[in-house]
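Here are some notes for a colleague opening this structure for the first time. Please read them with the model on screen.

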Amino acid sequence: MNVMSAGGTNYSDRFRELIRSLTGISLPQSKVVMIEQRLRKRVIAFGLPDTEAYLHQLLDGQGMEEELRIVIDLITTNTTSFFRESDHFDFLANEALPNRLAAARSGPKAGRKPRFKLWSAAASEGAEAYTSAMVLAEAQRRGTTFDFAVLGTDISQRMLERGAEAVYSSDQLSTVPPELVKRYFLSSRHPSVAGKVRVVPELRRHVRFRHLNLMDETYPVDRDVDLIFLRNVLIYFDQVDQERVVARLANHVAPGGYLVVGHAESMVVRMDGLKQVRPTIFQKV
């Protein structure tokens with residue numbers, strides 16, 4: 001997609017720069033075929049002859065704010081699965097949670113029931129958030145006394161709506177241990193929901209979803225979060241935006257809390273105040 005108007009306007013370059021400025025996602029020239037494929041439905045929906053006409057309307061037309069939100073949803077990569085990179089959830093259960101609860105019980109709020117806060121900062125349709133909630137709920141079942149809250153944020157409103165609905169296909173549960181499927185998912189025999197399951201309300205009440213753009217200068221999130229997941233997101237940003245996002249997120253991690261990134265991103269986090277405790281896990285000091 002090297003779309004050039006007769007007047008010399010390169011709509012492809014303008015579009016990719018707009019997406020980068022709004023979302024942080026860098027779309028190299030090698031991605032132009034993917035972009036064109038994802039926009040094809042919108043070209044057809046507007047009854048336009050080609051991608052050039054669509055981008056001209058998107059970039060230079062009036063009243064296209066809602067259309068731009070749709071485009072961001074289409075361009076955003078929303079790969080997600082339950083218990084993805086499962087070693088991170090082992091760390092949550094076996095180290096992060098015990099460490100943070102011990103700190104809470106010896107801190108200024110000692111004597112109160114501790115509350116563990118987890119933020120899934122690129123939540124997509126909620127699999128990461130609900131996996132975290134299952135892990136924390138299992139700790140409660142084993143007798144650990146605490147409360148917890150999970151926040152899932154994403155730039156895609158469509159994905160957030162799916163997360164709040166908490167309905168998934170049965171096939172998506174292939175990575176969830178069978179005992180957790182029985183405990184935390186509901187199914188129905190009704191033909192209208194065949195092949196679908198829903199997270200139980202007891203777990204859903206611990207999880208909420210909110211729209212958030214990581215490119216914003218400030219985030220409306222608590223500044224005492226015990227663990228933030230930001231996995232497989234920074235790889236789509238350029239170095240400057242990577243550093244800015246990490247710095248902003250670090251402001252929301254409680255002292256002694258953790259920032260967890262994806263396995264392809266461990267070299268990205270280089271910031272004073274964050275100590276690497278695992279290849280992909282950083283602790284605020």
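1. Start with a term. Two strands pair if DSSP finds at least two bridges between them. With that in hand, look at strand E5: in E5, Arg198 is the bridge partner of Leu186. Keep in mind throughout that this is a predicted model.

2. Now the sheet around that bridge. Three strands make up an open sheet, ordered E3-E5-E4, and the pairing is antiparallel. E3 and E4 are the edge strands, each pairing on one side only. On average, neighbouring strands of this sheet are turned by 40 degrees against each other, direction ignored.

3. Take the two pairings in turn. Strand E3 covers residues 167-169 and pairs with E5 in the antiparallel sense over three bridges. Strand E4 covers residues 185-187, and its antiparallel pairing with E5 also runs over three bridges. On the E3 side, Val167 stands opposite Arg198. Tyr168 has Val197 of E5 as its bridge partner.

4. Which side chains of E5 are buried, and which are not? The strand spans residues 196-199, and its side chains alternate. Val197 and Val199 point to one face and are buried. Lys196 and Arg198 point to the other face and are not buried.

5. Move to the helices near the start of the chain numbering. Two packed helices are described by the angle between their axes and the distance between the axes. Helix H1 (residues 11-23) packs against helix H2 (residues 32-45) at an angle of about 85 degrees, and the axes are 12 Å apart. H1 is therefore roughly perpendicular to H2. From H1, the contact uses Ser12, Phe15 and Arg16; from H2, it uses Val32, Ile35 and Leu39. By type, the residues of this contact are four nonpolar, one polar and one charged.

6. One of those residues, Ser12 of H1, can be set against Asp90. Asp90 lies in helix H5, residues 87-106. Its relative accessible area is 46%, so Asp90 is partly exposed. How far apart are Asp90 and Ser12 in space? C-alpha to C-alpha, they are 43 Å apart, with their positions 78 residues apart in sequence.

7. Check two backbone angles. Most residues other than glycine have a negative phi. Phe83 has a positive phi, near 55 degrees. Phe83 sits in the loop between helix H4 (65-75) and H5. Its relative accessibility is 17%, and because buried means under 20%, Phe83 counts as buried.

8. The second case is Ser124. Its phi is also positive, near 50 degrees. Ser124 belongs to the loop between strand E1 (115-120) and helix H6 (127-141). Is Ser124 buried or exposed? At 5% relative accessibility, Ser124 counts as buried.

9. Finish with Asp226, in strand E7 (residues 225-230). Asp226 has a relative accessibility of 6%, so this residue counts as buried. What does the side chain of Asp226 reach? The partner is the backbone nitrogen of Lys117, at 2.7 Å. Leaving out residues up to four places away in sequence, Asp226 touches Arg100, Arg115, Phe116, Lys117, Gly257 and Tyr258. Lys117 thus appears both in the list of residues touched and as the owner of that backbone nitrogen.

Conventions:
Residues are numbered from 1 along each chain as its sequence is written. This is a predicted model: local features need pLDDT of at least 70, side-chain atom pairs count only at pLDDT 80 or more; totals for chains, interfaces and linings use all residues. Side-chain values use heavy atoms; hydrogens and water are left out. Buried means under 20% relative accessible area, exposed over 50%, partly exposed in between (1.4 Å probe, protein chains only). Helices (H or I, at least four residues) and strands (E, at least two) are DSSP runs, numbered from the N terminus. Axes are lines fitted to C-alpha atoms, for helices over the stretch in contact, and angles run from 0 to 180 degrees between N-to-C directions. Angles under 35 degrees count as roughly parallel, over 145 as roughly antiparallel, 65 to 115 as roughly perpendicular and the rest as oblique. Contact means heavy atoms within 4.5 Å. Ala, Val, Leu, Ile, Met, Phe, Trp, Tyr, Cys and Pro count as nonpolar, Asp, Glu, Lys and Arg as charged, and the others, Gly among them, as polar. A polar contact is a pair of N or O atoms within 3.5 Å; within protein, one must be able to donate a hydrogen and the other to accept it, and residues adjacent in sequence count only if both atoms are side-chain atoms.
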